[in-house]
Amino acid sequence: TSESVQRSGNYSLGMKVGQEWSQTSQDVKLNANDPAYAKVYIKTTFSSDSRATAGLMLQFMSDSGNILSESIKGNEIGGNTGDWRLVEINYKSAPSGTTKVRMSLYTWIDYGDSSGYAYFDDVSLIKQYKQLSLGTTLINPGFENGLDGWKDYGVPSVVLSSDIKNKGNYAAQKTI
């Protein structure tokens, strides 16, 4: 826990990112066909050129602990956010056989990448289908906070470039 960095209250969960995958989780009773809405506020202090991320994940499970569907992740947070960012997951109907949902807070980093901290606060999970909060502006449009806010689909991966850029220190680069 962290007493020095919190969004509200006296504490937050602080995780030092130094290994490839780290998570903390809690299982909550949930029935098949129940809706689930989860949220957390995340703040990160990773280097802008780090590929480290922090996030929120749901896994629907049976009594025996079998995962019944693919893991559902919210937007991943990276870079040095400076302020708290809301991450949400909304799921309309838990799969057949569900008796619980595992809510995980996680960090991920490439082996050998620079470390930093991820802070998590004001976590909640409710059995309700809820409208997600949509931002009104792009997150990190100039890539000055690395690739934070941008999802990469495809091969090869997008990388951060300081060699070729329009302005600022960084640009996103995808070699075709």
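User: How much area does the chain expose, and what share of it do carbon and sulfur atoms supply?

Analyst: This is a predicted model, where local features need pLDDT of at least 70, side-chain atom pairs count only at pLDDT 80 or more, and totals for chains, interfaces and linings use all residues. Residues are numbered from 1 along each chain as its sequence is written, and side-chain values use heavy atoms, with hydrogens and water left out. Accessible areas come from the Shrake-Rupley method with a 1.4 Å probe, and for residues only the protein chains shown count as cover. The chain exposes about 10200 Å², and the share from carbon and sulfur atoms is 47%.

User: Okay, how many helices and strands are there?

Analyst: Both come from DSSP runs, numbered from the N terminus: helices are H or I with at least four residues, strands are E with at least two. Reading along the sequence, you just get β after β. The count is zero helices and eleven strands.

User: What is the radius of gyration of the chain, and what would a compact globule have?

Analyst: The radius is taken over C-alpha atoms, and the globule rule is 2.2 Å times the number of residues to the power 0.38. For 176 residues that rule gives a value near 16 Å, so the chain agrees with it at 17 Å.

User: Which residues have the most contacts inside the largest nonpolar core?

Analyst: Such a core is a set of buried Ala, Val, Leu, Ile, Met, Phe, Trp, Tyr and Cys residues joined through side-chain atoms within 4.5 Å. Buried means under 20% relative accessible area, exposed over 50%, and partly exposed in between (1.4 Å probe, protein chains only). The largest one has 24 residues, and the top names are V40, I42, L56, L58, F60 and F120.

User: Which strands each supply at least two residues of this core?

Analyst: In soluble globular proteins, nonpolar side chains tend to be buried together. Here the strands that each give at least two core residues are β1 (13-17), β3, β4 (53-61), β7 (85-91), β8 (100-108) and β9.

User: Is N33 buried or exposed?

Analyst: N33 sits in the loop between β2 (21-29) and β3 (36-44). Its phi is near 75 degrees, a positive value in a residue other than glycine. With a relative accessible area of 56%, N33 is exposed.

User: And F143, buried or exposed?

Analyst: F143 also has a positive phi without being glycine, near 60 degrees. You'll find F143 in the loop between β9 (116-126) and β10 (159-161). Its relative accessibility is 16%, so F143 counts as buried.
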